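Let's take a quick tour of this chain, starting with the big picture and ending at one strand.

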Amino acid sequence: MTKPLKQIHLAAHFPGVNNTTVWSDPRAGSHIEFSSFAHFARTAERARFDFLFLAEGLRLREQGGKIYDLDVVGRPDTFTVLAALAAVTEHLGLTGTINSTFNEPYEVARQFASLDHLSGGRAAWNVVTSWDAFTGENFRRGGFLPQQERYSRAEDFLETAKELFDSWRGDEIVADQETGQFLSDAEAGAFAHTGRHFDIHGRFNVPRSPQGRPVIFQAGDSEEGREFAAAEADAIFSRHGTLEAGRAFYTDVKNRLAKYGRSRDQLLILPAATFALADTEAEAEELAREVRRQQVSGATALRHLEFVWNRDLSAYDPDGPLPDIDPDVGQEHISQGRAQVRMYRDPLATAREWRELAAANKWSIRDLVIHTGNRQNFVGSPATLARTIDHFVQTDASDGFILVPHLTPTGLDEFADKVVPLLQEKGVFRTEYEGTTLRDHLGLTHPDRSRAERVAS
């Protein structure tokens, strides 16, 4: 019996100013003007994408105590942008990263419930934690939460928020103008939560929204992050972009669902993916090389090397050899606000490996960073990209992808015009939206239906 084709989920990530974007390109636009967000969102909706995704940086990144302006990571307030986009789109899901370490459940639940109402049921929340005191300083909480407890707080935070969302059933508002009765239940919105991190009680002031709760996303790749996603999330962002790594991650996370009473279709695996698209394979390969050279300037290469060396390397020539001094393995790190520094658990071993690679290939510092850093996941013609993306999904390396273009706001246009139609021809991607909410787009059960089914059983 032929296995039915899986339907591909596609989303678009509007990146901030960071080492993925090439903001210095003459074709690049603003990362703060609303017209850029609107163009990007309309393109994604025209292509029938599931959702648009905004990450969030709570503090500008620093290098050696100063802002490094080729990798800033900052943008306007997430809720403000998403609410504005709700007014210029009709179907596109609106996903925002909101931190569970430096916010409060009532505040966040109220904002997401409001966004879900304003958008007609298109809100989603990427639940993240912060691990460093550097970010906490902006909130006068530097170092207040031990790193190992951040998922404990996140779990309590999300559980509290769900109780707030569920404090309204959805049928309490009568608004009978003849009798003057507005509510059928005087207890509407009542909540009381006592947990390890939150002890709150009162009345939630936003009635139940179209989705009941926002769609929940999670982006952690640690053991704790995978468990958190298996227990709580509707979708998980993955950084595993290769076929082999993607399949291993997919299998691992999906296999964790059963112990939480969940089926495999209740959690979507959506890796982030960059791409270089051109009319021919040769042109796409050349474009990929050009973009990598733009992304990794000489200054960027030195800053990246500092992630490992933990030393000021500004005096070195980026087109010269790697430093012959060893990394500083002290506790204080020269790079602040970057999760990448945690990737290099053993800086001395990484330095040895990189020196060997550079020597064997006659690479300069810049060459090394270009070849060892993040590269485009998909490179090729429209037919190649469509075929490769479909292969990943049909062979269970992912359920779809969150596309991250190197140009904003126009970097998604060509993909929408040339790759999406090929996926539609294959019968693996929608030609029209079939529902009105983000849960509809993602094939997720409405929480009210799930609750009713549990009660009935």
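What follows covers the overall fold and then strand 17 with its two partners.

Keep in mind that this is a predicted model. The protein chain carries 16 helices and 17 strands. How does its radius of gyration sit with a compact globule? For 457 residues such a globule would come out near 23 Å, and the protein chain has 23 Å, so the two agree. Laid along its principal axes, the C-alpha trace spans about 80 × 55 × 45 Å.

Inside, buried residues make up 53% of the 457. Looking just at contacts with a separation of 6 or more, 75% of them link residues 24 or more positions apart. On the outside, the chain exposes about 21,000 Å², with 49% of that coming from carbon and sulfur atoms. As for charge, there are 51 positive and 67 negative side chains, and the centres of the two sets lie 2 Å apart.

Now for strand 17, residues 400–403. In a regular strand, side chains alternate between the two faces of the sheet. Here, Gly400 and Ile402 point one way while Phe401 and Leu403 point the other, and all are buried. Which strands pair with strand 17? Strands 1 and 13 do, as set out here:

| Partner of strand 17 | Residues | Sense | Bridges |
|---|---|---|---|
| Strand 1 | 9–14 | parallel | four |
| Strand 13 | 268–273 | parallel | two |

Two residue pairs help you find your way: His9 stands opposite Gly400, and Ala272 stands opposite Ile402. Both Gly400 and Ile402 sit among the buried residues of strand 17.

Key. Residues are numbered from 1 along each chain as its sequence is written. This is a predicted model: local features need pLDDT of at least 70, side-chain atom pairs count only at pLDDT 80 or more; totals for chains, interfaces and linings use all residues. Side-chain values use heavy atoms; hydrogens and water are left out. The radius of gyration is taken over C-alpha atoms; the globule rule is 2.2 Å times the number of residues to the power 0.38. Buried means under 20% relative accessible area, exposed over 50%, partly exposed in between (1.4 Å probe, protein chains only). Contact means heavy atoms within 4.5 Å. Accessible areas come from the Shrake-Rupley method with a 1.4 Å probe; for residues, only the protein chains shown count as cover. Lys and Arg count as positive and Asp and Glu as negative; His and the chain ends are not counted. The place of a charge is taken as NZ of Lys, CZ of Arg, CG of Asp or CD of Glu. Two strands pair if DSSP finds at least two bridges between them.
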